[in-house]
Amino acid sequence: MQVLRSYLIINCPHGWKSVIGLMLVLFVLTACTAHYPINDSVTSADELNRYTLQREPGTVRSEELLFVLTFSGGGTRAAALSYGVLRTLADTQIVIDGQSRRLIDEVDAISSVSGGSFTAAYYGLFGDRIFEDFEEKFLKYDVQSELTRRVISPASWPKLGSLYYERSDLAADYYDELLFEKKTFQDILISKGPLIAINATNLALGSQFSFIGSQFAPICADLSSYPVSRAVTASSAVPGAFTSIILKNYAGTCDFQMPEWATAALLGRKVNTRHYSHAKLLSDYLNTEEQPYIHLFDGGISDNLGIRLLINLTYVEGGIWNKLKDLDLVSTRKLVVIVVNAQKEVDTSFTKRDYSVPLLDTLGAASAAPLNRYSFETMELLRSNMSRWKDAITAGRCKEAASRNSETGKNTYRVTPACAAKTYVIEVAFEMLEDEAEREHLLHLPTSFNLEPTDVDRLTAAARQILQNSKTFQALIKDLQ
């Protein structure tokens, strides 16, 4: 301001005070009026049921194959690895219901976190256009420097001077300009592509918050009109570097009713059970006196792989078969989950030194070590559940077939190839790479929004190589021929 004042004195000797006064007035007015967009409310929770795994009319995906992708956090590193998986699926031909199709066209849902949410959201909105311009517009562009430039630019100061417009709001506006074109979740529905479940973390509850219909129903908030850019920003808002993305909680203003399982769990007060834990989280959202606003940060805080959403949705419904019946997906006989895990290697070079660990190394290891351990446990939980889900889907399908064919109506069934289910868990992680030098290079790439273009190409190639070398992925392709 002092430099500006000197400039005006020299060049506008008679009116510099008036000019500065006008600028200060404009600054104050902008700061007072700048406000993040407030999410809309709904009067009927049924409006939110469309944004679910249930297939929309006109969907051409196979009824027998339920295909889910999960994209992890990890900045551009995660976005590029996820992009490489999509490219590989687009290049993979299969035969479904007697017709040759691309495997990517069978994807039913993508659950994403942080860096992976950029790739998931862009594909959900624009489909195959991602293969034309996503590399140039995002993966190979220095997004991090541009974000920093905008934060420190004097042009941003008036807005950032407001209590209701902060760094994450500026980032969301930039992401709209860069990628998302002010599109909303309604635009994802219109595209008739896969369900895109973007995951963030509710800081107050320490729990995953997913941008899907069942998460917005308790708070009576409209998902269809919500900007995709703000969901992606929430999913990638690392605390400290970014501020929270805020949702207004309208709980109690629509016709949402607590489900029976949650009511029973709260009344039973078996506080050490998963049912009670999920029911308590749900009831917390209904308490608008304590939580009138929901503050969202990086989804990696609660689940860096995007897997917990799948597990939680099936658990609270009383099992996978009940969930499939609820979604009208009982024809499912092949369940596929591809987990894209762009986990970064923890820097432990300090173990070679005989003096105290530097602060930055301490903070890095203290955050990365538990995150990696939690991701490992989450993958193990998924594998365990997939084994049980296969048995549950088989039992459900075979019982349904037996009841249709039985004259007595007895609840007996026989497992046959026609009703038996198969499950496939495929992990795409750097540890799967055979080349040690390439594996170590990718494991140590920074978690940022700026990578060398050659590293983006190496990440894309790594995804293809890992899938091509995966026995489970190749078994899936063979089973679909």
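D108 is buried, with a relative accessible area of 2%. The term buried means under 20% relative accessible area, exposed means over 50%, and partly exposed lies in between (1.4 Å probe, protein chains only). The model is predicted: local features need pLDDT of at least 70, side-chain atom pairs count only at pLDDT 80 or more, and totals for chains, interfaces and linings use all residues. Residues are numbered from 1 along each chain as its sequence is written, and side-chain values use heavy atoms, with hydrogens and water left out.

## Salt bridges

The buried residue D108 has R61 as its partner in a salt bridge, with 3.0 Å between the closest N and O atoms. R61 is found in the loop between α2 (16–33) and β1 (65–71), and D108 in the loop between β3 (99–102) and β4 (109–113), so this pair ties together parts that are 47 residues apart in sequence. R61 also counts as buried, at 12% relative accessibility. Helices (H or I, at least four residues) and strands (E, at least two) are DSSP runs, numbered from the N terminus.

In total, the structure holds 22 salt bridges, each defined as a side-chain nitrogen of Lys or Arg within 4 Å of a carboxyl oxygen of Asp or Glu. Side chains of opposite charge can pair when their charged atoms come close.

A salt bridge inside one helix is formed by the side chains of E380 and R383, at 2.8 Å from N to O. These two residues are 3 residues apart in helix α16, and E380 and R383 are therefore separated by about one helical turn. E380 is partly exposed, and R383 is likewise partly exposed.

Another pair consists of D479 and K422, whose side chains meet in a salt bridge of 3.5 Å, N to O. Because D479 belongs to helix α19 (residues 471–479) and K422 to strand β10, the contact ties together parts that are 57 residues apart in sequence. Elsewhere, R87, E135, K140 and D457 are joined into one network by salt bridges that share partners.

## Disulfides

A disulfide is a covalent bond between the sulfur atoms of two cysteines. With the cut-off that the two sulfur atoms lie within 2.5 Å, the structure holds 2 disulfides. Counting bonded cysteines along the chain, the pattern is 1-2, 3-4.

One disulfide joins C220 to C254, with an S to S distance of 2.1 Å. This pair links distant parts of the chain, 34 residues apart: C220 is in the loop between α10 (213–216) and α11 (228–235), and C254 is in the loop between β7 (245–248) and α12 (260–268). The link of C220 and C254 is left-handed, with -70° about the S-S bond. Both C220 and C254 are buried.

The disulfide between C398 and C419 has an S to S distance of 2.0 Å. C398 lies in helix α16 (residues 359–405) and C419 in the loop between α16 and β10, so the bond ties together parts that are 21 residues apart in sequence. The torsion about the S-S bond of C398 and C419 is about 90°, and the disulfide is therefore right-handed. C398 and C419 are both buried.

## Positive phi values

Most residues other than glycine have a negative phi, and most peptide bonds are trans. R269, a residue other than glycine, has a positive phi near 50°. This arginine, R269, lies in the loop between α12 and α13 (274–286). D328 is not a glycine either, and its phi is positive at about 60°. The loop between α15 (320–326) and β9 (334–341) holds D328.

## Surface patch and accessibility

E345, E431, E434, D435, E436 and E440 form a negative surface patch. Patches consist of residues with over 30% relative accessible area and no salt bridge; like charges are joined within 9 Å, and nonpolar side chains (Val, Leu, Ile, Met, Phe, Trp, Tyr) within 5 Å. One of the patch residues, D435, is found in the loop between β10 (422–429) and α17 (436–443).

The table gives accessibility values for residues discussed above.

| Residue | Relative accessible area | Class |
|---|---|---|
| E380 | 35% | E380 partly exposed |
| R383 | 37% | R383 partly exposed |
| D479 | 30% | D479 partly exposed |
| K422 | 41% | K422 partly exposed |
| D435 | 44% | D435 partly exposed |
| R269 | 54% | R269 exposed |
| D328 | 58% | D328 exposed |

Note on methods:
Accessible areas come from the Shrake-Rupley method with a 1.4 Å probe; for residues, only the protein chains shown count as cover. Lys and Arg count as positive and Asp and Glu as negative; His and the chain ends are not counted. The place of a charge is taken as NZ of Lys, CZ of Arg, CG of Asp or CD of Glu.
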